[in-house]
Amino acid sequence: MKNSYWILSSEEKKNYESLNRDINADYLIVGGGIAGLTTAYLLAKENKKVIIVEADEVGFGTSGRNTGKVTSQHGLIYSTIQKEYSSEKARLYYDANEEGLKLIENIIKENNIDCNFKTVPSFVYTEEDRYIKDIKKEYEICKELNIPCEYMNYIEGIPMSIKGALCFKNQGQFNPKKYVDALGKINQKMGVKIYENTPVVDVNIDEECLIKCGNNNVIRAKNLIIASCNAWYDGLRFFFAKEEASRSYLLCGELKDEISEGNYISVEMPTRTFRTCKDDKERNLLIAGGYDHKTGKCDNECDNFRAIEAFAKENFHLKEIIADWSSQDYISSDNIPYIGRINNEKNNVYIITGTSKWGLSNSSVGAILIKDLITKNKSKYEDLYNPSRLKSYLNVKFLENNVEVAIDYIKGKFISGSSELPNKDEGKRVSINGKRYGAYRDKNNHLYIVDITCTHLGCELRFNSGEKTWDCPCHGSRFSYKGEVLNGPALRPLKAYDEGKNKIDPKIL
Ligand SMILES: Cc1cc2nc3c(=O)[nH]c(=O)nc-3n(C[C@H](O)[C@H](O)[C@H](O)COP(=O)(O)OP(=O)(O)OC[C@H]3O[C@@H](n4cnc5c(N)ncnc54)[C@H](O)[C@@H]3O)c2cc1C
């Protein structure tokens with residue numbers, strides 16, 4: 001997997017040991033991204049004993065691979081929430097995300113975190129006349145909700161022909177990897193125990209939560225907080241059916257000319273998002289991205305890397321491209337994350353998922369919400385983010401998504417494999433003795449053959465040529481060409497050719 005500019009420019013390397021024995025936990029958090037680390041921070045401040053397990057390294061998930069905008073402006077979210085729910089809920093979403101933004105600012109100030117945090121304006125813009133009305137509508141709704149904002153006919157200092165934009169002042173941007181790295185260390189100083197390279201591979205939830213980790217160690221936890229970006233435990237809430245994995249592509253390039261500081265995102269599709277920052281040598285850098293698609297649903301991922309490069313080169317004077325990478329997040333069916341108790345029966349299992357590409361402020365909201373449920377048994381945001389809310393099932397997107405999943409599932413079973421093995425640096429479905437496998441041959445001529453039936457719910461995986469991974473078009477799990485889990489909801493790796501058939505997760509429900 002390609003590494004992000006944030007990961008490449010952060011100094012932190014592996015900091016924490018792996019779990020090598022069975023342990024007990026009062027509060028077990030699964031996931032060392034911004035959601036898990038912020039929740040741990042707030043719980044540790046309340047003198048709770050917290051353990052974090054992380055499959056990879058802290059900050060190597062989506063939290064270290066995003067655009068680093070910390071803002072309560074999330075595209076045209078306020079018209080969406082007002083239409084789907086009410087003005088009160090739309091305003092509450094704003095209050096929640098402003099509180100999330102303030103929490104991040106306070107944590108940075110209180111702990112002197114060097115993560116290049118800057119206060120900047122955020123803009124949602126269009127270059128096309130036909131989208132002006134959508135931005136104007138968002139502006140009117142924001143005014144009605146008393147959200148401070150400004151409508152603009154153009155944006156100064158941006159080399160694009162902007163036709164209309166909505167501006168939220170006093171928003172933020174930072175280096176997200178530096179922030180989560182620092183949060184890890186602060187947590188550790190406050191007594192939070194962090195284990196890296198400790199993936200959860202199985203779970204048994206009853207009165208207590210029995211969590212089995214990769215090397216067969218078991219954690220017996222009184223409370224479990226799933227902060228893994230996706231929902232690998234479902235609690236009968238069908239998260240796999242009501243959130244969609246979406247990948248986007250980003251690059252970092254050195255700019256010849258300065259452009260106005262700010263967070264920018266287009267209304268038109270494919271989405272284009274960009275911002276600037278400076279590196280340690282005071283070079284002006286552009287972070288630009290977009291070109292989202294559902295995971296496992298792109299014919300050639302290499303084209304998306306090329307498209308984002310073309311967008312950056314067409315619009316900005318770039319000296320060089322420093323890094324490019326892709327990353328994924330999980331989009332809820334109504335664009336509001338699922339945060340809170342996993343269901344009404346289990347009082348000791350909490351989740352933060354469906355952060356819908358706006359998880360920096362929203363994960364901080366998640367941490368506040370879960371801390372309040374644990375310490376006060378209530379939160380003012382509980383209802384808005386309720387993972388069991390009815391409307392998350394009763395909407396067109398939910399139906400469309402699941403019809404598509406059913407079609408992909410069936411289609412996948414009928415696609416046969418090639419009788420020819422792949423060439424160097426090529427991956428494809430192959431047929432060996434009448435059985436279908438996935439094969440990838442690396443540049444050194446090593447051949448990797450794995451069973452490509454997803455270990456989550458049994459869909460057939462597709463090869464991602466941009467990242468050399470096997471991706472699930474149904475629920476977004478991703479595996480390396482060797483079979484290791486890169487993104488959930490799958491918990492188990494793919495079996496190699498000589499290891500037999502994959503086992504589909506029997507406990508997903
Ligand atoms: C391209 C892109 C750009 C974005 N830009 C922005 C932005 O500018 N502003 C914004 O607000 N949001 C943005 N987002 C969204 C934001 O980055 C995410 O919503 C947020 O980082 C999610 O944080 P997290 O802690 O939930 O997930 P992660 O950072 O992914 O952390 C989850 C962790 O859980 C671990 N894990 C998973 N499964 C297991 C397991 N079984 N056992 C143990 N550990 C496990 C993973 O290894 C991972 O480290 C963007 C997203 C994308 C894809």
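This passage describes the salt bridges, nonpolar cores, helices and unusual backbone geometry of a predicted model.

The model is predicted, so local features need pLDDT of at least 70 and side-chain atom pairs count only at pLDDT 80 or more, while totals for chains, interfaces and linings use all residues. Residues are numbered from 1 along each chain as its sequence is written, and side-chain values use heavy atoms, with hydrogens and water left out.

A search of the whole structure returned 34 salt bridges. A salt bridge is a side-chain nitrogen of Lys or Arg within 4 Å of a carboxyl oxygen of Asp or Glu. One of them pairs E150 with K169, with 3.3 Å between the closest N and O atoms. This pair links distant parts of the chain. E150 lies in strand β5 (residues 150-152) and K169 in strand β6 (residues 164-173), 19 residues apart. Helices (H or I, at least four residues) and strands (E, at least two) are DSSP runs, numbered from the N terminus. E150 is partly exposed, at 33% relative accessible area. K169 is exposed, at 54%. Here buried means under 20% relative accessible area, exposed over 50%, and partly exposed in between (1.4 Å probe, protein chains only).

A salt bridge also joins K177 and D181, whose closest N and O atoms are 2.9 Å apart. Both residues belong to helix α6 (residues 176-189). They are four residues apart, about one turn of the helix. An α-helix has 3.6 residues a turn, so residues three or four places apart point the same way. K177 is buried, with a relative accessible area of 1%. D181 is buried as well, at 8%.

R283 and D279 meet through their side chains at 2.6 Å, N to O. R283 is partly exposed at 21%, whereas D279 is buried at 8%. Both residues belong to a network of salt bridges that links E254, D279, R283, K319 and E320.

The largest nonpolar core has 69 residues. A nonpolar core is a set of buried Ala, Val, Leu, Ile, Met, Phe, Trp, Tyr and Cys residues joined through side-chain atoms within 4.5 Å. Y78, Y93, I113, F174, Y179, I225 and Y385 touch the most other members. Helix α4 (residues 87-110) gives the most to this core, with nine residues. Apart from this core lies another, of 27 residues, including V30, V53, C213 and Y338. In soluble globular proteins, nonpolar side chains tend to be buried together.

Contact means heavy atoms within 4.5 Å. Residues up to four places away in sequence are not counted for Y385, which touches Y93, A96, N97, I336, P337, Y338, I339, N362, V365 and L369. Y233 sits in the loop between β10 (218-229) and α7 (239-242). Y233 is buried, at 10% relative accessibility. Leaving aside neighbours within four places in sequence, Y233 is in contact with V203, I205, I226, F239, I342, K346 and V349. From Y233 to T126 the C-alpha to C-alpha distance is 39 Å, and the two are 107 residues apart in sequence.

Helix α4 has 24 residues. From first C-alpha to last, α4 reaches 34 Å, close to the expected 34 Å at 1.5 Å a residue. The expected span is 1.5 Å times one less than the number of residues in the helix. Helix α9 (residues 359-376) has 18 residues and reaches 24 Å, close to the expected 26 Å. Of these 18 residues, 16 are buried, so α9 is largely enclosed by the rest of the structure.

Most residues other than glycine have a negative phi, and most peptide bonds are trans. Several sites depart from this pattern. N112, just after α4, takes a positive phi of about 50°. N377, just after α9, has a positive phi of about 65°. N335 is not a glycine, yet its phi is positive, about 70°. N335 lies in the loop between β15 (318-332) and β16 (338-341), and is partly exposed at 27%. D425, also not a glycine, has a positive phi of about 60°. D425 is placed in the loop between α11 and β18 (426-432).

Two peptide bonds are described as cis. The bond from M269 to P270 has omega near -10°. P270 is in the loop between β12 (263-266) and β13 (272-278). The bond joining G488 and P489 has omega of about 15°. P489 falls in the segment after β24 (485-487).
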